[in-house]
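Me: Please take a close look at one part of this structure, and set it against a few other places in the chain. Give the cut-offs as you go.

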Amino acid sequence: MGDDMTGRRPVVPARPPFGRWLRESTSGLIGLALVIGAGAGLGAVVFRWLITTFTHLFSGQADYSAAGRVAHPWFPALGPWFLLLAPVVAGLVYGPLVQKFAPEARGHGVPEVMYAVAERGGRIPAQVSAVKALASALTIGSGGSVGREGPIVQIGSALGSTLGRVAKLPESRLRVLVACGAAGGIAATFNAPLAGPFFAMELILRDFAAESFGAVVLASVTASVVGRAVFGDVPFLDLPPFTLRNPVEYLLFIVLGLVVGACGVLFTRVLYLVEDLCDRLWRGPEWLRPAVGGVFLGGLLLLLPQMYGVGYPVLQNAVEGKYVLGFLLLLLAGKLVATSLTIGIGGSGGVFAPSLFIGAMAGTAFGIVVHTWLPGVTASPGVYGLIGMGAAFAGAARAPITAVIVLFELTGQYTIILPMLTAIVIATATSRALGKDTIYTLKLRRRGVDLDRSPGARRLAGTRVEAVAEPLPEPLDPGLPLERAAHALAVSGHGILPVVGADGCYQGCVTARAVAEALADQHEGVVGDLAELPPLVTGESSLADALTALTNAPGTGLPVLAGEGRLSGWVTHQAVLTALEPATAQ
């Protein structure tokens, strides 16, 4: 390095500036992951406290689903009829809140985070954390039959996105911080430090890169430490130990995977069917929809109070064998309808806990049937209920690794890990055979977003040709002699030019190769004799279709038709590649 004007060597900084270190180094990413993990852990603590507070406020109980059809202690004269009012009152609060400040906080949350990571570079508005926490706590506390994993994923992800944008991180790292927030939220909420990272990597990032996995694990561990400091280090579900009785049962677990995996797919179908039905029936303002729909939700709770809130006590009672077969099937059907209705009317909450609930009911019912049929060979029905929880989630979300880890950490039951793996793999295969989408990706596909495509392919499919069309090169007259056409083609550099008549109508294209071959054969015709129609491209065509057309056509470009034989522009390989640059640079 040369000297400056004074003859002294310039001073080289001993270390890079803090901002650059934070944005580019591995240690900077680790530091941000630790901060986000701590923040997600605190967010999970606050969120669970909000749910507990609102549940006490609206029902007078710690968990009304286990209390039976009892009166609110503050309003004993109403008896259980207060259940008709609780969802309405809560809807009047969170409906306007969500509509005004964060519409993306409506629904089950995880698809919105997946969309932000796949299509928006990990950018999630900062206010989503607060709005989602309040809206979901109000929904669950007032009786909404949804889970808390979706909200905490969205809360933690919004925190990670906000911190990353403040630090001016590139999109590749911003996505990792979003996953860190999601993993931290799951880990702290369910005391599941292993499940958090696998949930984030398998469902949010859909990638297991070493650097991102390390950061996500650190965030999860940090959040778990915060959560355990407040909630203690105990399994989320307190269940008695279960054991198998006979290796022949593995055949029954295969059948269980088929049955409960199909139940997971059924849950997905019913959820979106009810949501579509609510969309068709509702004609009023969106902010009022949760309150009006709350009347129907309250009526369902009045008939089946076990559907109130998340319902983990009911799930635990089912697995412990406290319900008969008919009531288990009633609870299964009730959960399908109650969760779908809660989401359909505009409520805010997750579908992970409902899928576990459905799996527990279906699995325990299956266990009762096979235990009655083969009492000397099969284990207690609770074993099938426990395994059914993971199978239903695998059938709905198609995330087998997460299903195994989550179920193991929520229950602490290692003795059934082999039959659990068997049923979950079969449930995942069943889900794939019955449909293309999961309970999360179907919501995005209905918006036109296909996460199975690469980012570049999604960008190509979602962009129209008219957005990248260039001005039309000077067209050739059909009566132009071939010698002059050869010169025009050489000057244009495209290797192909459109042929347009005096009336402005498009007649096809002529290529430099066709003209050269005609001249070599001493053909003395005109351009019109050689004009051919290349693959059709219009302004409404997607870039994916345009790229296919360009690949199958000579030259470097094609005309863009506007209708009625008129041309509106020109699309080239370079234009398509330029449109891909934002995706490939990430």
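Reply: The account below starts with a pocket, then turns to a helix pair, single residues and the chain as a whole.

This is a predicted model, in which local features need pLDDT of at least 70 and side-chain atom pairs count only at pLDDT 80 or more, while totals for chains, interfaces and linings use all residues. Residues are numbered from 1 along each chain as its sequence is written, and side-chain values use heavy atoms, with hydrogens and water left out.

The part chosen is the second largest pocket, with a volume of about 370 Å³. On a 1 Å grid over the protein atoms alone, a pocket is an open set of points where a 1.4 Å probe fits, with protein on both sides within 12 Å along at least five of seven lines; lining residues have an atom within 4 Å of a point. Points are joined across faces, edges and corners, and the volume is the space filled by probe spheres set on them.

The lining of this pocket consists of 18 residues, and those nearest its centre are A62, D63, R148, Y312 and P313. Helix 2 (26-59) and helix 12 (312-319) each provide at least two lining residues; helix 2 gives the most, with four. Helices here are DSSP runs (H or I, at least four residues), as are strands (E, at least two), numbered from the N terminus. Sorted by class, the lining has 10 nonpolar, five polar and three charged residues. Nonpolar covers Ala, Val, Leu, Ile, Met, Phe, Trp, Tyr, Cys and Pro, charged covers Asp, Glu, Lys and Arg, and the others, Gly among them, are polar.

Next, a helix pair. Helix 4 (residues 110-119) packs on helix 8 (residues 195-205) at an angle of about 65°, their axes 9 Å apart. Axes are lines fitted to C-alpha atoms, for helices over the stretch in contact, and angles run from 0 to 180 degrees between N-to-C directions. Helix 4 and helix 8 are therefore roughly perpendicular, a label that covers 65 to 115 degrees; under 35 is roughly parallel, over 145 roughly antiparallel and the rest oblique. V110, V113, M114 and V117 of helix 4 meet F199, L203, I204 and L205 of helix 8, contact meaning heavy atoms within 4.5 Å. This helix contact comprises eight nonpolar residues, with no polar and no charged ones.

Single residues come next, where buried means under 20% relative accessible area, exposed over 50% and partly exposed in between (1.4 Å probe, protein chains only). T339, in helix 13 (residues 325-344), is buried, at 0%. Beyond residues up to four places away in sequence, T339 touches S145, V146, F267, L271 and P354. E249, in helix 10 (residues 249-281), is also buried, since its value is 0%. With the four-place exclusion, E249 touches L244, V377, T378, A379 and Y384.

H371 belongs to helix 14 (residues 352-373) and is partly exposed, at 25%. Neighbours within four places aside, H371 contacts R245, T378, A379 and P381. From H371 to P381 the separation is 10 residues in sequence and 6.7 Å in space, C-alpha to C-alpha. H487, in helix 20 (residues 482-492), is exposed, at 57%.

Across the protein chain there are 24 helices and four strands. Of its 586 residues, 55% count as buried.
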